[in-house]
Every structure is written in structure tokens, then in C-alpha cells.
Amino acid sequence: MASDSSHRAQATGSTASADDTERRLEQLEVRNGFAEDLLDTLNALVARQQTQIERLQAEVAELRRRREDDTGPAWRSLRDELPPHY
């Protein structure tokens with residue numbers, strides 16, 4: 001009889017172990033799903049930022065080109081900027 005009860009305890013223990021393993025596996029799958037979603041979100045953010053960086057670099061290059069093309073005097077007198085009524 002003692003061996004019969006120990007056999008039942010082992011069977012119950014293995015069922016509990018299987019349930020625990022199943023629960024842990026499910027938790028890992030959920031965490032993996034969240035991690036994949038976060039990765040997709042971060043990838044989209046990085047792509048948007050890269051596009052913005054490229055646009056800003058083009059604007060800076062255009063401003064530099066305009067500054068070099070400016071044929072105005074290298075210096076300005078404050079008198080040149082006074083309104084005519086002074």
C-alpha cells in the first residue's frame with residue numbers, strides 16, 4: 001500500500017510540474033510577444049528619426065550654400081540699417 005501512495009504522489013507531482021512548465025512557457029511566449037512589439041515600435045522610431053536627420057542635413061547644406069552664394073558685403077554698418085527717418 002505504501003508503494004501505491006508514493007506512486008500517486010509522484011504522478012501528482014509530475015502533473016503539477018507539467019502544469020508549472022506550461023504556465024512558465026505561456027509567460028515566456030507573452031513576454032516574447034511584448035518584446036517583438038517593442039522592437040517593431042523602436043525600429044519605426046529609428047527609421048523616422050533617420051529620415052528627419054537626413055532632411056535636417058540637407059537643410060543645413062542648403063543654408064551653407066546660400067551663405068557662400070551671398071554676394072552682399074562681408075560686414076554691415078549699423079548706419080546702413082537705420083530707417084530713413086533718422
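This report walks through the fold, the salt bridges and the surface patches of a single chain.

**Overall picture**

Please keep in mind that the model is predicted. The chain holds one helix and zero strands. That helix, α1, covers residues 2–69. How much of the chain is buried? Buried residues account for 0% of the 86 residues. The accessible surface adds up to about 8500 Å², and carbon and sulfur atoms own 55% of that area.

**Salt bridges along the helix**

How many salt bridges turn up when the whole structure is searched? The search finds five of them. Three are set out here, each with its N to O distance.

| Acidic residue | Basic residue | N to O distance |
|---|---|---|
| Glu 59 | Arg 55 | 3.2 Å |
| Glu 62 | Arg 66 | 3.2 Å |
| Asp 69 | Arg 65 | 2.7 Å |

Let's take the pairs one by one, starting with Glu 59 and Arg 55. Their side chains meet in a salt bridge, and the spacing along the chain helps to explain it: the two residues are four apart in helix α1, so about one helical turn separates Glu 59 from Arg 55. Neither partner is hidden from the probe: Glu 59 is partly exposed at 39% relative accessible area, and Arg 55 is partly exposed as well, at 45%.

Glu 62 and Arg 66 come next. Here too the partners sit four residues apart in helix α1, which means that about one helical turn lies between them. Is each partner buried, partly exposed or exposed? Glu 62 has a relative accessible area of 28% and is therefore partly exposed, while Arg 66, at 52%, counts as exposed. The cut-off explains the label for Arg 66, because exposed means over 50%.

The third pair is Asp 69 with Arg 65, whose closest N and O atoms are 2.7 Å apart. With their positions four residues apart in helix α1, Asp 69 and Arg 65 are also separated by about one helical turn. Asp 69 is partly exposed at 46% relative accessibility, and Arg 65 is partly exposed at 40%. Which residues do shared partners join into one network? Glu 62, Arg 65, Arg 66 and Asp 69 are linked in this way through salt bridges.

**Surface patches**

Two patches are worth a look in the viewer. One is nonpolar: Leu 38, Leu 42 and Leu 45 together make a surface patch of about 250 Å². Of these residues, Leu 38 can be placed in helix α1.

The other patch carries negative charge. Which residues form it? Asp 19, Glu 22, Glu 26 and Glu 29 do, and Glu 26 is one of the residues found in helix α1.

**Putting it together**

The picture is of a chain with one helix and zero strands, in which 0% of the residues are buried. Helix α1 holds the salt-bridge pair Glu 59 and Arg 55, as well as Leu 38 from the nonpolar patch and Glu 26 from the negative one.

Notes:
Residues numbered from 1 in each chain as written. Predicted model: local features only at pLDDT ≥ 70, side-chain atom pairs only at ≥ 80, totals over all residues. Heavy atoms only, no water. Buried < 20%, exposed > 50% of the residue type's maximum accessible area, 1.4 Å probe, protein only. Areas by Shrake-Rupley, 256 points an atom, 1.4 Å probe, with all protein chains shown as cover. Patch = residues over 30% accessible without salt bridge, like charges linked within 9 Å, V, L, I, M, F, W, Y side chains within 5 Å. Salt bridge = Lys/Arg side-chain N within 4 Å of Asp/Glu carboxyl O. Lys, Arg positive; Asp, Glu negative; His and termini not counted. Charge placed at Lys NZ, Arg CZ, Asp CG, Glu CD.
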